[in-house]
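Trainee: Could you take me through this model, starting with the sheet?
Mentor: Sure, let's have it up on the screen.

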Amino acid sequence: MLKDLAKKSRSYRGYDESRKITREELLEFVDCARYAPSSVNGQPFQYVLAYEPEMLQKIQPLTGWARALPELCLPFPGKCPTAFIVIVQNTDWDADLKRYLKDVGIVAQTMLLAAAEKDLGGIMIGNFSPEKIAEALELPENLVPMLIVAFGKPDEQIVIKEIDEGESIRYYRDANNVHYVPKRKLKDIVV
Ligand SMILES: Cc1cc2nc3c(=O)[nH]c(=O)nc-3n(C[C@H](O)[C@H](O)[C@H](O)COP(=O)(O)O)c2cc1C
């Protein structure tokens with residue numbers, strides 16, 4: 001089952017905007033994330049929940065999508081995520097912003113797996129300016145944005161492509177907007 005969830009949990013860049021995400025759903029994702037491992041159990045993160053239109057409209061334009069497909073402006077109009085969780089580090093709890101760079105990925109993936117279990121989806125967004133997000137959300141100085149996770153009801157098709165060594169790892173789309181994600185084969189990643 002976990003493998004099925006891991007396969008289902010793709011990075012979606014198109015959502016059904018009519019499916020809103022509730023605060024309770026986001027709280028449940030964060031509640032899963034708080035059980036994640038953390039370096040020396042530091043747990044320096046807090047979570048800004050964005051699910052109301054005004055908040056979404058502040059965050060969406062500050063996020064960068066699909067850098068490998070510069071010819072497309074994703075998400076397409078009307079296909080935006082209906083929630084974001086901005087993972088922030090509370091520097092009063094730990095001011096070292098480098099120490100927890102691995103931890104942030106673990107909490108983000110935990111939340112995405114929780115979303116996949118509910119037939120929702122999302123994507124991690126690292127392409128943003130922490131300063132601009134902090135300003136837009138009027139965050140206090142001790143809360144530093146580390147990673148953004150978008151959520152929604154996926155509304156696009158993603159296909160995993162098993163690739164051989166030497167083949168391109170670059171993701172791509174066909175004329176029908178089907179998104180292909182190349183993944184290296186098991187035999188090629190075990191040393
Ligand atoms: C830490 C991290 C940051 C990411 N940031 C972005 C981003 O800013 N914009 C984006 O479109 N995708 C972003 N992605 C998604 C990756 O492009 C995606 O994981 C990759 O293409 C593989 O697709 P998959 O997640 O469906 O396997 C990010 C992924 C990770 C792990």
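Trainee: What is the order of the strands in the open sheet?
Mentor: Quick caveat: this is a predicted model, where local features need pLDDT of at least 70, side-chain atom pairs count only at pLDDT 80 or more, and totals for chains, interfaces and linings use all residues. Residues are numbered from 1 along each chain as its sequence is written. Strands here are DSSP E runs of at least two residues, numbered from the N terminus, and two of them pair if DSSP finds at least two bridges between them. The four strands pair antiparallel, in the order β1-β2-β4-β3.

Trainee: Which strands stand at the edges?
Mentor: Look for strands with a single partner, so that one side is left without a neighbour in the sheet. Those are β1 (45-50) and β3.

Trainee: How many bridges join β1 to β2?
Mentor: β2 covers residues 83-90 and runs antiparallel to β1. One bridge pair is Tyr 47 with Ile 87 in β2. The number joining the two strands is six.

Trainee: And which strand gives the most to the shell around the ligand?
Mentor: The ligand is surrounded by 14 residues (C-beta, placed from the backbone, within 6 Å), with Arg 10, Ser 11, Met 124, Gly 126 and Asn 127 the closest. Three shell residues come from one strand, residues 121-125. That's β3.

Trainee: How many of the shell residues are charged?
Mentor: Asp, Glu, Lys and Arg count as charged, Ala, Val, Leu, Ile, Met, Phe, Trp, Tyr, Cys and Pro as nonpolar, and the others, Gly among them, as polar. The shell has seven nonpolar and five polar residues, and the charged ones number two.
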